[in-house]
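Thank you all for coming; I would like to take a few minutes to walk through one model with you. Please have the sequence and the coordinates open while I talk.

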Amino acid sequence: MTGSTSRATRLSMLAACAAVALIAGAPPALAETSAARPVRVGSKAFTESVILGEIATQSLRAAGLEAEHRSGFGGTRLVWDALLRGAIDVYPEYTGTLIQEILSDAPGAENPTADWLEKTLAAHGVGVIGPLGFNNSYAVGVRQDLAARLGLQTISDLRAHPELRFGFSNEFMSRRDGWPALRGRYGLPQTDVKGIDHDLGYRGIASGAIDAMDLYVTDPEIKRYGLRALVDDRQVFPRYDAVLLYRLDLAARADGALGALRRLTGRIDAPAMAAMNARAKLDRVPETKIAADFLQQNLGLAIAAPSQPGIAGAILRRAIEHLQLVALSLLAAIAVAVPLGIFAARRPRAGQLVLGAVGIVQTIPSLALLVFMIPLLGIGALPAMVALFFYSLLPIVRNTHAGLTNIPASLREAAEALGLPRGAILRRIDLPLASPLILAGIKSAAVINVGTATLGALIGAGGFGQPIFTGIRLDDVGLILQGAVPASLLALLVQGLFELIERRVVPRGLRLRGEA
Amino acid sequence: MTESSPILQLVAVSKRYGAFAALAPTTLDVDTGATTVLIGPSGCGKTTLLRLMLGLITPDAGQVLFRQAAITPDNIRGLRTRMGYVVQDGGLFPHLTAAENVGLMARHLGWEAEKINRRLHELGELVRLPTATLARYPAEMSGGQKQRVGLMRALMLDPELLFLDEPLGALDPLVRAELQDDLAAIFKTLAKSVVLVTHDLAEAAFFGQVIVLLQEGRIVQRGSIADLVRRPADPFVTRFVNAQRHFDIQAAGVDA
């Protein structure tokens, strides 16, 4: 019996130790002092934002400051919150987004001036640098052939064609200066309006799945896919002048940072931006290189080209990041969920509450759960791990509970009649008997985690999600596969690993059932 | 304490499950060194009675005394090592081998491996279990073997009182007859106090010095098989005896 019982005990001890290590390791990461760390530049998950973020980062480096770029935040709210919380210090934004979206509730937003903008931002502890030199407003795009056939020149012309199918980026769908304003001001009758990722929208319009989409006027795809940007004849879209936002405390923290960033004011015009976007998206030039070239040609700054790791190296690094996310969150979940499952099985009434609670956590969409973590834990691996931890709870708690409640009453009675104390019954009888189900719960949590961890890239946690989302942004199938294939392989590997563990942990006598 | 004083006594013990009276207030002595058989139709309360005796459930009213001392939640765990329990279907833990099942409690009590082994072989001989079977898991054993291992487990700590819940119920007739003989021999060898539950009158007659017949949560009659046949306390006793058609009164040694 040594084997089976102490193996189960050892497994739970191991999980508990790992969880303690995880928790003990967390505070230094959280309490990381702002003075010691480099200037952090953030950017949103679209190419132009990433290029601007990279330019800002390299300008800071050229001024002798330590700077790092956290690219690819999943939305305006995310990156704005990250700035307010101090998770990042600088990020590129557009005046239209600020006025219409971020500050729309502030008094005076109806009639914004540059002065008003500066004061309102200052109230949030945020300063503004710019404009950088281009106005990247929204536009509505249709295919040239369709525009010619229907005679579409302006957005007003869309009114006569209610059958057209629209596919707008999710952010455009919900922003008050987006689709709601467009529909209201132009009286557009279309009803087939779907939310779609901005970069996937181009594929949709090219394949004919949708007829019209929102564009940024500096998007290189306008040219690539032969689209026509319809004239905003009622001037619904406000100006979208690119600016850099920074935390006001940055001046005191990083001497010379603001000076370095201010040099960018007025230096990037629309053709330059569109050309850089085209290099990134059409020519597949890395953003770091594009930013370095820009700074060298326009500001005469010599930027040492950062070394690009090879594909194998990149995959290895992401695999380590990914495994860390999955393994640590899973170990912590095991240490918490198995005792919770035991509790739920022993106290049926309180147990229903526990099962209900972990069930509700599971219904929160994974991306939303990740976003909830940001105000509490900032960005990076820690909030992603905590979100994955919560996701792993349900399958493990539920299976531990089921495994224990499925034990025949006669066996529990037999154990009790022997005179074994409760703890010994749990260790020697209950857990070994429930081990197949508990392990199955852990396995499904692990496999789900491998998939869900890819979303961690949206909040700066790295992993295989990084190439997937960058690939989607750059329309680079190769890059998407660099993340998707190893992630799938990893899921299979985890599945296989657990089948091995099953063979070691599940007592032999239980595996014989069914054979006899 | 003399050998003749009852090993276990129930004093006005009753048990309800919601509105269902599983056991009406019941007083009963279990004689030391004898085999007491609890018998009756399904749902008559014999299993409830057994579980009360084992302290697996607590009575709503009344007391269960083990050697004149009341069983309480505080002392029950200690008392259980002095009682052996053979569960209905053997009740073996499927993740443990026969030897591990039998030695489980002894190991927990810190017995040395050698002592456990010696006891295992002693019991193996007693219940006529082939040595090779000790290394097998329940899934690899026959029904009869499982019952023998279950009996070994119950006897491991040499208990003063042995409970068996329908030990032969699920076995085919040949195995059943063989095990019946073996059990009777073992009871005789060990001279233990035994409480056995069955619904089969032939089995009750075969084992029982004292037969306790239950109906609808109360004891109808307590006595020898001859008492039940010749001096039924109630028309139900006669009905129950006559209903067991295969029961051969002559063979049981009762001349009607």
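I will begin with chain B as a whole, then turn to its sheet, to its contact with chain A, and finally to the cores.

Please keep in mind throughout that what we are looking at is a predicted model. Chain B has nine helices and 10 strands, and its C-alpha atoms fill a box of roughly 55 × 45 × 40 Å along the principal axes. Is its radius of gyration what one would expect of a compact globule with 256 residues? The value for chain B is 18 Å, and because a compact globule of that length would have a radius of gyration near 18 Å, the two agree. Buried residues account for 43% of the 256 residues in this chain, and if we take the contacts in chain B between residues at least 6 apart in sequence, 68% of them join residues at least 24 apart.

Let me move to the sheet of chain B. Here six strands form an open sheet with mixed pairing, and the order is β6-β7-β8-β3-β9-β10. The edges are β6, residues 83-86, and β10, residues 218-223, each of which pairs on one side only. Leaving direction aside, neighbouring strands of this sheet are turned against each other by 15° on average. At one end of that order, β9(B), residues 210-215, pairs with β10(B) in the antiparallel sense over five bridges, and within β10(B) it is B:Gly223 that stands opposite B:Ile211. Across β6(B) and β7(B), the latter spanning residues 161-165, lies α5(B), which runs at about 165° to β6(B).

Now to the contact between the chains, which takes 23 residues from chain B and 25 residues from chain A. On the chain B side, α2 (76-80) and α3 (98-108) each supply at least two residues, and α3(B) gives the most, with four. By character, the chain B side divides into 12 nonpolar, six polar and five charged residues.

I would like to stay with α3(B) for a moment. How many of the 11 residues of α3(B) are buried? Nine of them are, so this helix is largely enclosed by the rest of the structure; among the buried ones are B:Ala98, B:Glu100, B:Asn101, B:Leu104 and B:Met105. The cover over these buried residues comes from both chains, and it includes α19 (409-418) and α20 (422-452) of chain A together with α4 (113-126) and α5 (143-155) of chain B. After the helix comes B:Gly110, with a positive phi near 90°.

That brings me to the nonpolar cores. The largest has 196 residues, of which A:Val90, A:Ala333, A:Ala384, B:Phe163 and B:Val212 touch the most other members. Helix α15 of chain A, residues 311-346, is the element that gives the most to this core, namely 16 residues. If we set aside residues up to four places away in sequence, A:Ala384 touches A:Leu325, A:Leu370, A:Ala453, A:Gly456, A:Ile459 and A:Ala461. There is also a second, separate core of 25 residues, which includes A:Ile155, A:Phe166, A:Leu188 and A:Ile210.

Finally, a strand pair in chain A. Strand β2(A), residues 67-73, is mostly covered, with six of its seven residues buried, and it pairs with β1(A), residues 39-44, in the parallel sense over five bridges. One of the bridges joins A:Gly42 to A:Arg70 in β2(A).

How values were computed
Residues numbered from 1 in each chain as written. Chains lettered and ligands numbered in written order. Predicted model: local features only at pLDDT ≥ 70, side-chain atom pairs only at ≥ 80, totals over all residues. Core = buried A, V, L, I, M, F, W, Y, C linked by C-beta atoms within 7 Å. Buried ≥ 20, exposed ≤ 12 C-beta atoms within 10 Å, placed from the backbone. Contact = placed C-beta atoms within 7 Å. Nonpolar A, V, L, I, M, F, W, Y, C, P; charged D, E, K, R; others polar. Pairing = 2+ DSSP bridges. Axes fitted to C-alpha atoms, helices over the stretch in contact; angles between N-to-C directions. Rg over C-alpha atoms; globule rule 2.2 N^0.38 Å.
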